[in-house]
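Visitor: Could you take me on a close look at one part of this protein, starting from a single residue and working outward to what surrounds it? I would like to see how the pieces connect.

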Amino acid sequence: MGGKGGVAVSSVKTRLIALAAVVLAALLALGAALALSPDFRWQVTRALGLIPKEEQVPILMYHHLHQEDEPVANAINVDQFEEEMAFLKEEGYTAVSFQELIGYVEEGRPLPRKPVCITFDDGYLSNYELAYPILQKYEMKATIFVIGWSVGVTDYYKDTQYPMTPHFNYEQAKEMVDSGLVSIQTHTYDMHQVEDYETGDKIRRSAVKLPNETEEEYAAALTEDILRARSEIEAATGQPVNVLSYPVGTWDELSESLLKDLGIQVTLTTRPETATLVYGDPDSLRALPRYGVGYDTTLEEFAAMVGEK
């Protein structure tokens, strides 16, 4: 009896050890999957109902960069920009794309712990020559919103003799896009006009309806503009165009309605606040605020913009 009992106990122990080994292997496999596969982590998080309802994301707005000793209007020195990117890196921020923001809002895909969006308006050549190498150095993603007609223009404003700050071309844009760090999106094709340089009675400083046009005329003009901008950017970069930065930050309910119908999923203004994104609410991607970074922005002010105490 004693011998048989000992054999039984030994058999149970063996089975328990084998079962523990199987469980341990499964846990290790699960841990590896969680560590290696963001998609798997997302599936588990969503299945368990653990997706955060809201995410706070600071969005930074830049324009032109320069290397001058004196301040330049609507621009910052390249050394200041590098200091800010180094700060983000050192403080653990991850620069994310607008496609990642869409992924969170529409599908609950997780954002990194300290997300930040970096944007540039207009498409200046300095974005390619000065900002892009720094973005590469610090592994920061950015989105550049180009004015369609000005892509590749380096001398004068349209057919005038007014000098303008050079803009990068589509070959340079494609190089940035191919790096995986930069997305090229739209700042409209030609709805960011300089009033002093234009003629006629329909000068468009922004993308909202003019006082002297009907809603039908405006809808036709906006549709033509956005479709042209999208067509050229997508043909040159291979990226979908579904994000728009409003010229001078001006928008209204009509512009939002029309742009939504045109497939623009994200719109941006110049209101200086932190964006609040809501899981399951696509409208939380519209008219997003941004912090404008200027030549007089101190590092302390910059830190406050992104949420550092």
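**Around Leu-88 and the core**

Guide: Happy to. Leaving out neighbours up to four places away in sequence, Leu-88 is in contact with Leu-60, Tyr-93, Val-116, Ile-118, Met-140, Phe-302 and Val-306. Please keep in mind that this is a predicted model.

Leu-88 is a good place to start, as it is among the residues that touch the most other members of the largest nonpolar core, a set of 44 residues. Leu-60, Tyr-62, Phe-81, Met-85, Ile-118 and Phe-120 are the others named with it. Two or more residues of this core come from each of β2 (59-62), α3 (78-90), β6 (115-122), α5 (125-138), β7 (142-146), α6 (170-178), β8 and α9 (299-305). The largest share is from α5, which gives eight residues. There is also a second, separate core of 19 residues, and Ile-51, Ile-59, Leu-101 and Leu-277 are included in it. As general background, nonpolar side chains in soluble globular proteins tend to be buried together.

Now follow Leu-60 into its strand. From β2, Leu-60 and Tyr-62 point one way while Ile-59 and Met-61 point the other way, and all of them are buried. That fits a general pattern: in a regular strand, side chains alternate between the two faces of the sheet. β2 pairs with β6 in the parallel sense, over four bridges, and Met-61 has Thr-119 as its bridge partner in β6. β2 also pairs in the parallel sense with strand β12 (residues 291-292), here over two bridges. In β12, Gly-292 is the bridge partner of Met-61.

Next, turn to α6, another contributor to the largest core. Its buried residues include Tyr-170, Gln-172, Ala-173, Met-176 and Val-177. Viewed down the helix axis, the buried residues of α6 fall within an arc of 155°, so they line one face of the helix. Glu-171 and Asp-178, on the other side of α6, are exposed. Among the elements covering the buried residues are α5, β7, β8 and α7 (215-237). Both ends of α6 deserve a glance. At its start, a side-chain oxygen of Asn-169 comes to within 3.1 Å of the backbone nitrogen of Glu-171. Just after α6, Gly-180 has a positive phi of about 85°.

The loop between β7 and α6 holds Ser-150. With a relative accessible area of 1%, Ser-150 is buried, and its contacts beyond four places in sequence are Asp-122, Met-164 and His-167.

From α6 you can step across to α7, which has 23 residues and reaches 32 Å from its first C-alpha to its last, close to the expected 33 Å. Buried residues in α7 include Tyr-218, Leu-222, Asp-225, Ala-229, Arg-230 and Ile-233. β7, α6, β8, β9 (243-245) and α8 (253-261) are among the elements that cover the buried residues of α7. After α7 comes Gly-238, with a positive phi near 80°.

Let's finish with Thr-186, which lies in strand β8 (residues 182-186). Thr-186 counts as buried, at 1% relative accessibility. Setting aside residues up to four places away in sequence, Thr-186 touches Phe-145, Val-146, Ala-229, Ile-233, Val-241, Val-243, Leu-244 and Ser-245. Two of these contacts, Ala-229 and Ile-233, are buried residues of α7.

Note on methods:
Residues numbered from 1 in each chain as written. Predicted model: local features only at pLDDT ≥ 70, side-chain atom pairs only at ≥ 80, totals over all residues. Heavy atoms only, no water. Buried < 20%, exposed > 50% of the residue type's maximum accessible area, 1.4 Å probe, protein only. Contact = heavy atoms within 4.5 Å. Core = buried A, V, L, I, M, F, W, Y, C linked by side-chain atoms within 4.5 Å. Pairing = 2+ DSSP bridges. Arc of directions from axis to C-beta. Polar contact = N/O pair within 3.5 Å; in protein donor to acceptor, adjacent residues only side chain to side chain. Expected span 1.5 Å × (residues − 1).
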